[in-house]
Amino acid sequence: MRTTVGIIGAGPAGLLLARLLHRAGIDSVVLESRDRAYAEARQRAGILEQGTVDVLRECGAAGRMDREGLRHDGIELRVDGARHRIDFPALTGGRSVMVYAQTEVVKDLIALRAEDGGPLLFGATALAVEDAESDAPRVRFTHEGREDVLECRYVVGCDGFHGVSRTAVPAHVSHVFGRDYPYGWLGVLADVPPSSDELVYAAHERGFALLSMRSPEVSRLYLQVPDGTDAADWSEQEIWEELDRRLATHDGWTLRRGPVTAKSVTPMRSYVHEPMRHGNLFLAGDAAHIVPPTGAKGLNLAVGDVVTLARALAHERRTGSAARLERYSADCLRRVWQAERFSYGMTTMLHTDPGADPFERRLRRARLDRVVTSRTARAELAEQYTGLPLP
Ligand SMILES: Cc1cc2nc3c(=O)[nH]c(=O)nc-3n(C[C@H](O)[C@H](O)[C@H](O)COP(=O)(O)OP(=O)(O)OC[C@H]3O[C@@H](n4cnc5c(N)ncnc54)[C@H](O)[C@@H]3O)c2cc1C
């Protein structure tokens, strides 16, 4: 098999890249190890930055999002029962975010790929990227029980944190930066209308809680739990009781309960692999970087990477100049590190750290106080949350 751009992974990064390349007249093949049903059902992100919304609109992938997505103009910070609203448009000159589940973005992009007629192979597992430094890199993969080779001009690793593409970068070239956190998120989906019109980020001495939503009928709720927690150890009753404690307010607000339909624990991690390019292998999305989900940045960063890459590839096709491809890693990393900084800051401000000493606990308190009392601090949060402009 032969193509111009071999894309490993059909998450948001790989699928959006395939769509953008198709519109630029550049052919690609997408290899995805899972089957379609699994890829479409994987519960993950839900907040799309303004820039992500704009990109989906520009590439014709926003029809259903514009009908079913929920525009959000703010979030609530709930600190020990007191409510503080962060008003995005007022603080950022009109920006907002869209609540539209990653599962739906993925479904929409898979449907578009089928319309575009470009190859998207489910059940195709990349085993290795070979000759990444040459002008003819190859992806060795298995599909329907057979081993095959995809010959490319460029390979893009969009295969998430646990993929294989990153391993093709030699150890002496790789620089890795990261942080593991001593807590994770126990997340539940519940068939009950959200108890708030906007997301609620609650900082409580028992730990962080987040009230989010997937649709007007479905709530998404999270609890900070110790690292290594097994979701099976929490009964539905215990989850609702703990959410009640951490989300409680002084003004009689109540949390609506409903049947829990899914329950899982997500570890929290910050991770950056530099560089994001080695020869003709490019890394994009979670394959190159991870942020803890508190800042809602992961999917949006993946979108920023593939927009940058698609533009660079189109530029090369038009002009013959590889200058933008040369800059890909540096261009993306500037944005990535801003998102890392913001996600780390939100995470450490809102969670209780069991290992924190009294000095660190007071500092965290002071950061929370600063955000709820200073317009400047709220504007900084709002600007980062709604997203830095795409390059
Ligand atoms: C609980 C949770 C909440 C989150 N909330 C948010 C949020 O609100 N906002 C936000 O922006 N982000 C959020 N994120 C992060 C976001 O989901 C990820 O950053 C996003 O999925 C990254 O997309 P990706 O395409 O880079 O990688 P992925 O979505 O991981 O896709 C990688 C794909 O590659 C495939 N693959 C892997 N290995 C191979 C192989 N060897 N061969 C072929 N295919 C392979 C995988 O099956 C997968 O389909 C959240 C994440 C979690 C876990």
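Two strands count as paired when DSSP finds at least two bridges between them. Keep that in mind as you work through this predicted model.

**Exercise 1. Find the strand order of the open sheet of 6 strands, and say which strands are its edge strands.**

Step 1. Follow the pairing from strand to strand: the order is β8-β2-β1-β12-β19-β18, and the pairing is mixed.

Step 2. Look for strands that pair on one side only: these are β8 (120-122) and β18 (277-278), the edge strands.

Step 3. Now zoom in on one pairing. Strand β12 (residues 154-157) runs parallel to strand β19 (residues 281-283), and 3 bridges join them. Among the bridge partners, valine 155 is matched with leucine 281 in β19.

**Exercise 2. Classify the ring pair of tyrosine 154 and phenylalanine 282.**

Step 1. Check the distance: rings pair if their centres lie within 6.5 Å, and here the centres are 6.0 Å apart.

Step 2. Check the angle: planes over 60 degrees apart count as edge-to-face. The planes of tyrosine 154 and phenylalanine 282 stand at 65°, so the pair is edge-to-face.

Step 3. Place the rings in the chain. Tyrosine 154 sits in strand β12 and phenylalanine 282 in strand β19, 128 residues apart.

Step 4. Are these two residues buried or exposed? Buried means under 20% relative accessible area. Tyrosine 154 has 4%, so it is buried; phenylalanine 282 has 1%, so it is buried too.

Step 5. Try another pair, phenylalanine 177 and tryptophan 337: with 5.7 Å between centres and 80° between planes, this pair is edge-to-face. Phenylalanine 177 belongs to strand β13 and tryptophan 337 to helix α10, so the pair ties together parts 160 residues apart in sequence. Phenylalanine 177 is partly exposed at 36%, and tryptophan 337 is partly exposed at 35%.

**Exercise 3. Decide how far helix α6 is enclosed by the rest of the structure.**

Step 1. Describe the helix: α6 (residues 102-116) has 15 residues and spans 21 Å from first to last C-alpha, close to the 21 Å expected.

Step 2. Count the buried residues: 11 of the 15 are buried, so α6 is largely enclosed by the rest of the structure. Among them are Val105, Leu109 and Arg113.

Step 3. See what comes next: glycine 117 follows α6 and has a positive phi, near 80°.

**Exercise 4. Describe the lining of the second largest pocket.**

Step 1. The volume of this pocket is about 610 Å³, and 25 residues line it.

Step 2. Helix α11 gives the largest share, 8 residues.

Step 3. Sorted by character, the lining has 9 nonpolar, 5 polar and 11 charged residues.

Definitions and conventions. Residues are numbered from 1 along each chain as its sequence is written. This is a predicted model: local features need pLDDT of at least 70, side-chain atom pairs count only at pLDDT 80 or more; totals for chains, interfaces and linings use all residues. Side-chain values use heavy atoms; hydrogens and water are left out. On a 1 Å grid over the protein atoms alone, a cavity is a set of points where a 1.4 Å probe fits but cannot get out, and a pocket is an open set with protein on both sides within 12 Å along at least five of seven lines; lining residues have an atom within 4 Å of a point. Grid points are joined across faces, edges and corners, and a volume is the space filled by probe spheres set on the points. Helices (H or I, at least four residues) and strands (E, at least two) are DSSP runs, numbered from the N terminus. Ala, Val, Leu, Ile, Met, Phe, Trp, Tyr, Cys and Pro count as nonpolar, Asp, Glu, Lys and Arg as charged, and the others, Gly among them, as polar. The expected span of a helix is 1.5 Å times one less than its number of residues. Buried means under 20% relative accessible area, exposed over 50%, partly exposed in between (1.4 Å probe, protein chains only). Rings of Phe, Tyr and Trp (its six-membered ring) pair if their centres lie within 6.5 Å; planes under 30 degrees apart count as stacked, over 60 as edge-to-face and the rest as tilted.
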